[in-house]
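Reader: I would love a close look at one small part of this protein, followed by a walk outwards to the rest of the chain. Could you take me through it step by step?

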Amino acid sequence: MSTKTTEDEDNGGYRMLIRRGAVRELWHSSAVADAQPAVPTASDRDLWDGMDRGIRDLILTESGRLAGQAWPYPMLSQWAAYARTGDRIAYETRNFERNRRIRLHVLAAALDPSDDRILAAADGLWQKTEQATWCWPAHDDAFARGQRVPDPDRPFVDLGAGEDAALVAWSVLVLRDQLERLSPGLVDRLAAETRRRVLEPFTTRRDWHWEGTEEDVHNWAPWIHDNLIIAAAAFTEGEQRDEVIALCVDGIDRYLAQLPADGAIDEGFAYWWQGAARAFDALALLDGLSGGAVAEAVAGGELAGLTELARFPERLRLGRGWFASFSDAEARADDHTPWHTLFRAARLCGLDDTATFALGERTQPVCGLDSGVAAGLGRMLAELTDIRAGVVDAVPPQSPDPWGDSARDVVVRDTAVLLASIGLGIRSSAGLSVVAKGGHNGENHNHNDLGSIAVAVDGIPLLPDLGRAEYTAQTFSERRYELWNVGSEWHSAPMPRGLAQLPGPQWRAPVTEIDHGWSIDLTGAYPDAGAWTRTVTASGGVVRVIDDGDAVGDPQTRIVVVCAGVPERAGDGILVPGRHGSRGLHLTFDPAGVSFETRRVDDPHLRRSWGAQVTRMLFTPAEAGPWEMTASTGR
């Protein structure tokens, strides 16, 4: 579902977040020659010696613990396992653990620049220069050429290469003087490897699929471009620096100019942090390199639309740590979600309420302490700098809920994500929420989920959209839709005449807003299913779903409702047990046969959110005509 305007036909009829060219033109008119990013160097003793005592002790203790252990060493067999078995986790795990240790040693050396701490950081950075490839195996094109080893003569620039380039760049910007004193030549080696492996291939080989096109947005683009901007600032100068940054700026501009005006990310909440948030990270760098021009343009110029992008995570909130889920996004925020990134984006956009929301969701003292890639060294340094400067403590108190205390509706039109809550404010937890999905089945990280619903009680999803499982080679292959959690059969959606949905943008479900909810036309969502309309409303303490279509009474028709755990028969209805302290959910329905299919959950991503078992309830309406199901907490 899209918001169309007459003035923006150049964007295919969609009202977009910013005008194409706005960031690019701003950079070319405002870039300060030879400007350097503001980085908290280890020589700035006032900053590091005044760091929060608890955070200081945490980093120094963990760095010290790791210093007595052998370094993680990614093996060739693990790298090549992706081609043999589809496994990408073993290699990535060791690589990520190595990078985490480097981050901690660099920060420890800045906090306490003893020779031992500096040399520990140097050891890790030297290992990056000796590592055969910085590309993650799932992305390297060496496999397509029949190789089972990385090709040093043809480095592939991917997310991993960008992450490593940024890691060594931030490390050098923080510890340059200390590394030059104790390990002379290492900085030059790091610079040469970054240019050879990443920056030079980036500028000379211009067929990178992740750059996207003027019609196709790609979330890798801002992630990689953000990392390459800091790498260029650290390791290049003159024309080479200008070329790399100009290409990155154009990529950031292209990405933002393809997002809809409501700030919607069709890959969902979890991907906001590695797409939209990476664009915000890049804009923060560009703001510093342009004398504040970006902040000025966000405040009232051509970048004002970015405020909607910063509001997206908050709009999808169900309860503390839980969010409306669709596509490959997970409903449960990771414990290491880098909330400070949203805090900074909100501050850039002048959104004090959103900044306060971000701080309220934070569950760790500083981001980047885990071994994942949600927060690298750059994000850690930004948060530590803000903590030291007192910026975090200066945020105004939380204002009253802008949606009120009784109900709210959120319609993210351009991705057709619909959320309504009863007895629940956006920053509350008690109440009932329903999420519905329209749109089409050709979205990025798409699941076949048209017409699906999810219901949360007291902020906890009980009828969930399951989200993604652990990624393997199959996840992004032609066999993607054989994965049980991706197909429509395990989404709370109809199966007219037993039919499942198919992937592709041609399968569509337009949405019409009605009183207290929405009408979703599923006629074009299935092959040969006939007319089908799903109406979803939330009022009076009840979520109501009505299915009406040609095939409602067909004996092969099934209406699927997925729940976490195992439901129980309860008189004339079904009780879905509560979770994490929530109340349960009582389902009532028009006459129908019903069967339960419970599945054991072994995947770590799915298990973390939904526990050891999930169940799909298969309803077979007894009669033709409208069939209704209600959900409430009344019993």
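**A close look at Thr236**

Author: Happy to. Thr236 sits in the loop that joins helix H9 (220-235) to helix H10 (238-257). Please keep in mind that this is a predicted model. Is Thr236 buried or exposed? Its relative accessibility is 9%, and buried means under 20%, so Thr236 counts as buried. The side chain of Thr236 reaches back to the backbone oxygen of Ala232, at 2.6 Å. Setting aside residues up to four places away in sequence, Thr236 touches Arg195, Leu199, Ala231 and Arg241.

From this loop we can step into helix H10, where Val244 lies. Val244 is buried, and its relative accessible area is 0%. Which residues does Val244 contact, once its neighbours within four places in sequence are left aside? They are Leu199, Phe202, Thr203, Leu228 and Ala232. Two of these names have already come up: Leu199 is also touched by Thr236, and Ala232 offers the backbone oxygen that the Thr236 side chain reaches. Thr203 deserves a second look as well: its C-alpha atom is 6.6 Å from that of Val244, although 41 residues separate the two along the chain.

Now for a loop of another kind, the one between strand S2 (322-323) and helix H15 (339-348), which holds Ser327. With a relative accessibility of 1%, Ser327 counts as buried. What surrounds Ser327, not counting residues up to four places away in sequence? Ser327 touches Asp266 and Glu267, then Glu443, Asn444, His445, Asn446, His447 and Asp449, and finally Asp465 and Gly467.

Next, a helix: Val106 belongs to helix H5, which covers residues 89-111. Val106 is buried too, at a relative accessible area of 1%. Beyond its neighbours within four places in sequence, Val106 is in contact with Ala121, Ser171, Val174, Leu175 and Leu377. To get a feeling for the extent of the model, compare the position of Val106 with that of Phe589: their C-alpha atoms are 59 Å apart in space, and their positions lie 483 residues apart in sequence.

For a strand, turn to Ser519, which is placed in strand S12 (residues 517-521). Ser519 is buried, with a relative accessible area of 18%; the cut-off for buried is under 20%. Leaving out residues up to four places away in sequence, Ser519 touches Pro510, Val511, Thr512 and Ile514, together with Thr533, Arg534 and Thr535. The C-alpha atom of Ser519 is 10.0 Å from that of Ala436, a residue 83 positions away along the chain.

Two further loop residues are worth a stop for their backbone angles. Asp34 is not a glycine, yet its phi is positive, at about 60 degrees. Asp34 lies in the loop between helix H1 (22-30) and helix H2 (45-49), and it is exposed, with a relative accessible area of 65%. Arg497 also has a positive phi in a residue other than glycine, near 55 degrees. Arg497 is found between strand S9 (494-495) and strand S10 (504-509), in the loop. Its relative accessible area is 35%, and Arg497 is therefore partly exposed, the class between 20% and 50%.

Finally, let us step back to the whole chain. How many helices and strands does the protein chain have? There are 18 helices and 21 strands. The radius of gyration is 25 Å, close to the 26 Å that the globule rule gives for 635 residues, so the chain is as compact as a globular protein of that length. Along the principal axes, the C-alpha atoms fill a box of roughly 80 × 55 × 50 Å. Of the 635 residues, 59% are buried, and Thr236, where we began, is one that counts as buried. Among contacts with a separation of 6 or more, 71% are between residues 24 or more positions apart. The chain exposes about 23,600 Å², and carbon and sulfur atoms supply 49% of that area. As for charge, there are 63 positive and 92 negative side chains, and the centres of the two sets lie 5 Å apart.

Note on methods
Residues numbered from 1 in each chain as written. Predicted model: local features only at pLDDT ≥ 70, side-chain atom pairs only at ≥ 80, totals over all residues. Heavy atoms only, no water. Helix = DSSP H or I, 4+ residues; strand = E, 2+ residues; numbered from the N terminus. Rg over C-alpha atoms; globule rule 2.2 N^0.38 Å. Buried < 20%, exposed > 50% of the residue type's maximum accessible area, 1.4 Å probe, protein only. Contact = heavy atoms within 4.5 Å. Areas by Shrake-Rupley, 256 points an atom, 1.4 Å probe, with all protein chains shown as cover. Lys, Arg positive; Asp, Glu negative; His and termini not counted. Charge placed at Lys NZ, Arg CZ, Asp CG, Glu CD. Polar contact = N/O pair within 3.5 Å; in protein donor to acceptor, adjacent residues only side chain to side chain.
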